[in-house]
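Me: Please take a close look at one part of this model, the surroundings of the RNA strand, and then follow the neighbouring elements outwards. I am in my first year, so please explain each term when it comes up.

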Amino acid sequence: MSAQHIVRTRFAPSPTGFLHIGGARTALFAWLYARHYGGRFLLRIEDTDRLRSTEASTNAILDALTWLGLDWDEGPYFQARRVEIHRAMVKKLLAEGKAYYCVCTPGELEEKRKRALTEGRKPKYDGTCRDKNLPWSADAAVRFRTSQAGVTVVNDLVKGVITFSNEELDDLIIQRRDGYPTYNFAVVVDDADMGITHVIRGDDHVNNTPRQILLYEGLGFAVPQFGHVSMIMGSDKTRLSKRHGATSVMAYRDMGYLPEALVNYLVRLGWSHGDQEIFSLSELIRIFTLDSVGKSAAVFNPEKLLWLNQYYMKERPTGHLVQEMMPFWRNLGFDTGDRDFLGHVVSDLKSRAKTLVELAEASTFYFNDDIVYDREASDTFLNADAAEHLAALAEKIPSLGDYTRKGIETFLRTVTAQRGTNLKVIAQPLRVALTGKTVSPGIDEVMITLGKERVVKRIKKAIEFAKSKN
RNA sequence: GGUCCCAUCGUCUAGGGGUUAGGACGCUGGCCUCUCACGCCGGUAACCCGGGUUCAAAUCCCGGUGGGACUACCA
């Protein structure tokens, strides 16, 4: 593949907020497309809306992409810094008669639009200034002279052939009266200038595509390929928004989701590979194409994301998970000094939590020796009988030679047999003594993680508690 | 209103002229078991409607219906 045929895609968010789930998926698809074909992925910040764009948003978007593992080869470029290029292109169009000055005021335009709508006509620009050949003036905007004849065909990589009748298109403004370019113009100039070969974006842009194609042609640029990915919807089938819960990528990080899980979830929204559900980023690069991207919108399903997150946590090497748990433990004020101990905590808990936050909360009893017994747990399990069983355990544990899962299991069974009862009868009181709850990782795992000393201490404390009850 | 897009279990999807319409999440029954989770085995549930083409249509075509997007001197 020669240099001029190399695939170049881009992600072009506007920095007016955080990176949301929908944007992340679009970015992921554009990124995968470039990576799959050995191309380049660029990042361009569309900050021409000077009122709503902020640097904080730019940083938040960059951080989110980085967290997801989506790296870019070029950029970030900032569209606002490229206005001179945009203006030069406007001038060129003006000089060639392909664009013209328009002095209709926004107020008048709004008025006409409303009237057209109430009268049941198309609210498109009526062409008042189209043939006036107006000269430059301080408050003149520039409009593109759109051909009203014929059709414009988009051969979309995911939607297929889409045909637009040019008479539906109007003379869109390409440069505002304040001298700044509008979105539809800036994207075209920038995409062409940056050599973008495949424009992969949300399908909320399909109706912009014919005007943009006309702009490419007017400017004398090669028209790229387009691939419009469907939207993500909330459970009520309207476009995903805050109303549907968390929509920010970083919010998912903070809620204890793994980036791999989010990526895996997002890619399966609209894209599939047979019956396969689990994909690593490197595998995706190998097999991802736009051919297997569906056309219809998908509803965001938090339960499935949660399931994937749990899956990735379970599969993750303990050492890695320990590292990823650090901020969540620290957030709860736990002592994270003992790496070995933390490793045990994680391996005890990682198949029992769906998020890192859940794991952190579930691990509380490992860190606090002053355990609080759940009311119901202590009521039913920390009784006089249990106190005697526990006393027997406390007495024997210090001299237990084989303090391993197998050894502990054997020990527990031996003791229960000796006391003429069975494991079930002793395990629950012991669990309550060690964890304060009736639900926990296996008794043997907990005992090993805690270590003999703390186990004995907790058992004794539970005995005291049982006795003090009446 | 106009333009454009879309339509398989509740959700994500596979499939695509002849299939018991497959998988996953969820829900659910069971097994495992010291509790819970994991895991394993099973169950529940779908081709929007109407025409046409065809020996045969969920699959192709048309229409309808429903949903969505766009219709800015926002991006």
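Reply: **The surface near RNA strand B**

By class, the residues of the surface near RNA strand B comprise 21 nonpolar, 21 polar and 23 charged, where Ala, Val, Leu, Ile, Met, Phe, Trp, Tyr, Cys and Pro count as nonpolar, Asp, Glu, Lys and Arg as charged, and the others, including Gly, as polar. The model is a predicted one, in which local features need pLDDT of at least 70 and side-chain atom pairs count only at pLDDT 80 or more, while totals for chains, interfaces and linings use all residues. Residues are numbered from 1 along each chain as its sequence is written, and chains are lettered from A and ligands numbered from 1 in the order in which they are written.

Altogether 65 residues surround RNA strand B, and the closest are Ser 14, Glu 46, Tyr 183, Ser 296 and Gly 442; a residue is near the strand if its C-beta atom, placed from the backbone, lies within 6 Å of it. Two or more residues of this surface come from each of helix H4 (106-118), strand E7 (160-165), strand E12 (298-299), helix H10 (302-315), helix H18 (423-435) and helix H19 (443-450). Such elements are DSSP runs numbered from the N terminus, helices being H or I with at least four residues and strands being E with at least two. H18 supplies the largest share, five residues.

Two of these helices, H18 and H19, also have a partner in helix H17 (residues 405-418), which is worth following step by step.

With H19, the axes of H17 come within 9 Å and cross at roughly 120° (axes are lines fitted to C-alpha atoms, for helices over the stretch in contact, and angles run from 0 to 180 degrees between N-to-C directions). H17 is therefore oblique to H19, because angles under 35 degrees count as roughly parallel, over 145 as roughly antiparallel, 65 to 115 as roughly perpendicular and the rest as oblique. Their crossing is right-handed, a word used if the near helix is turned clockwise from the far one by less than a right angle, with anticlockwise giving left-handed. From H17, Arg 405, Ile 408 and Glu 409 meet Asp 444, Glu 445, Met 447 and Ile 448 in H19, two residues being in contact if their C-beta atoms, placed from the backbone, lie within 7 Å. This contact holds three nonpolar, no polar and four charged residues.

With H18, H17 packs at an angle of about 115°, and the axes are 9 Å apart; this crossing, too, is right-handed. Leu 412, Arg 413 and Thr 416 of H17 meet Leu 423, Val 425 and Ile 426 of H18, a contact with four nonpolar residues, one polar and one charged.

Returning to H4, the loop between this helix and E5 holds Asn 133. Although Asn 133 is not a glycine, its phi is positive, about 50°. Most residues other than glycine have a negative phi.

Beyond that loop, strand E5 (residues 141-144) pairs with E4 in the antiparallel sense over four bridges, and two strands pair if DSSP finds at least two bridges between them. Cys 102 stands opposite Ala 141 in E5. The two strands belong to an open sheet of three, with the order E4-E5-E8 and antiparallel pairing. Strand E4 (99-102) and strand E8 (173-175) are at its edges with a single partner strand each, so one side of each is left without a neighbour in the sheet.
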